[in-house]
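I opened this notebook to record what I looked up, entry by entry. The topics are pockets, strands and cysteines.

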Amino acid sequence: MRGARILGTGRALPSRVVTNAELTRMMDTTEEWIVQRTGIRERRYVDPGTGSSDLGADAARVAIARAGIAPSDIDLIVFATLSPDYFFPGGGVYIQDKLGLPTIGALDVRTQCTGFLYGLSVAEAYVKGGFFDHVLVIGAEVQSTGLDFSTAGRDVTVIFGDGAGAAVVGPAEPGKGILSSHLHAEGKYAAELMLEAPASIEYPRLSHEMLSAGRQYPKMNGRYVFTHAVRRFPEVIREALAANGLSLDALSLVIPHQANLRITQAVAVALRVSEEKVFSNIEKYGITTAASIPIALDECLEQGRIHEGDIVCLAAFGSGFTWAATLLRW
Ligand SMILES: CC(C)(COP(=O)(O)OP(=O)(O)OC[C@H]1O[C@@H](n2cnc3c(N)ncnc32)[C@H](O)[C@@H]1OP(=O)(O)O)[C@@H](O)C(=O)NCCC(=O)NCCS
């Protein structure tokens, strides 16, 4: 069976920078609290009228150009987001239209923080299996339009930001590129991090009562998410290495989903690797959910932090709960 590798990456961040100081003017929070508890100093917000499909299409254009292929070479779009422009249709079809692509398939992935890695595993399987030659995987989020900017929402609102990242997956020699993907879920914890409304399980899906109870805003049991994350990240990274007969010493770089600087530091401690081996850019963007890993990967490549032959592990944990890892030989 042939291999599958990432041929090119891209990212798109809204130009509007929102600092912690700006948030302190809207809710009862402080610069110190946000920096100490999360590591976040600023995040990006879109201007009204920009959707995750716009950011996703912008990131995809860069990834396609860097992959050195024509847009018409893309065989499938896999789009991961928790913030599609509309409840339906999924956002992938808007990206297809914005990129002017022919009638190829557009598949939406709804696993939140792990969405990019779940999407990458779909691309990996299609390319390794020979069904497609080029799969475009995108993670994009517009969170800023769905946050509660009063003090009641401060735990969630200060951590999220908008952004997009993309990668083109194409054929490789066996043993190069994506070595393996490891996907997990534990739905019994779904209520710990979720958005309740609008909800098709209720009639009507959105009511004045729901709105006045604030059910249109994400709900998070932060401590619970934190505790599970610091356990699952190292576990799934070790699983990915073991599946490929590799030890922790072989690891050149871990690119974790950017959930919290303290989680990233805890991952380094648990794996007993130096902090430089675990990439972090959360201070600039906050949590961008499905976009965080492709944005981080794109920055790592731009900064020359990944070299040919390096073993790189992408890992994520989040709402669902879901967690995942992808091991790459660059
Ligand atoms: C959200 C998170 C930063 C909160 O940090 P924490 O140390 O767990 O803080 P807690 O939630 O226990 O809250 C501690 C106190 O700070 C307060 N607080 C919460 N948000 C605040 C904010 N933005 N500003 C100031 N105070 C805040 C709480 O009300 C609480 O006050 P109390 O002690 O008087 O009750 C942390 O739990 C976290 O990062 N969890 C994982 C989040 C995550 O990864 N989510 C996305 C999925 S990837």
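**Second largest pocket**

I began with the classes of residue in the lining of the second largest pocket, and I counted twelve nonpolar, five polar and four charged residues. I note here that the model is a predicted one. For the volume of this second largest pocket I recorded about 470 Å³. I then looked up the residues closest to its centre and found M220, G222, R223, F226 and N260, among the 21 residues that line the pocket. Next I asked which elements give two or more residues to this lining. I listed α2 (31-38), α8 (222-243), α9 (261-271) and β12 (311-318). The largest share comes from α8, to which I assigned four residues of the lining.

**Largest pocket**

I turned to the largest pocket and entered a volume of about 1200 Å³. I found 39 residues in its lining. Nearest the centre of the largest pocket I noted L82, S83, R110, L195 and A197. I also sorted this lining by class, and I obtained 21 nonpolar, 14 polar and four charged residues.

**Strand β1**

My next entry concerns strand β1, which covers residues 3-12. I asked how many of its ten residues are buried. I found eight of the ten to be buried, and I therefore describe β1 as largely enclosed by the rest of the structure. I then looked up how β1 pairs with strand β7, which spans residues 163-172. I recorded an antiparallel pairing of β1 and β7 over nine bridges. As one position in this pairing, I noted that R5 stands opposite G170 in β7.

**Cysteines**

Finally, I searched for disulfides. A disulfide is a covalent bond between the sulfur atoms of two cysteines. My count came to zero disulfides, with the cut-off between sulfur atoms set at 2.5 Å. I asked why C113 forms no such bond. I found that the closest cysteine sulfur, in C313, is 16 Å from the sulfur of C113, which is too far for a bond. I entered C113 as buried, because its relative accessibility is 9% and the limit for a buried residue is under 20%. For C300, I likewise recorded no disulfide. The cysteine sulfur nearest to that of C300 belongs to C313 and is 13 Å away. I asked whether C300 is buried or exposed. I entered C300 as buried, with a relative accessible area of 0%.

Key:
Residues are numbered from 1 along each chain as its sequence is written. This is a predicted model: local features need pLDDT of at least 70, side-chain atom pairs count only at pLDDT 80 or more; totals for chains, interfaces and linings use all residues. Side-chain values use heavy atoms; hydrogens and water are left out. Buried means under 20% relative accessible area, exposed over 50%, partly exposed in between (1.4 Å probe, protein chains only). Two strands pair if DSSP finds at least two bridges between them. On a 1 Å grid over the protein atoms alone, a cavity is a set of points where a 1.4 Å probe fits but cannot get out, and a pocket is an open set with protein on both sides within 12 Å along at least five of seven lines; lining residues have an atom within 4 Å of a point. Grid points are joined across faces, edges and corners, and a volume is the space filled by probe spheres set on the points. Ala, Val, Leu, Ile, Met, Phe, Trp, Tyr, Cys and Pro count as nonpolar, Asp, Glu, Lys and Arg as charged, and the others, Gly among them, as polar.
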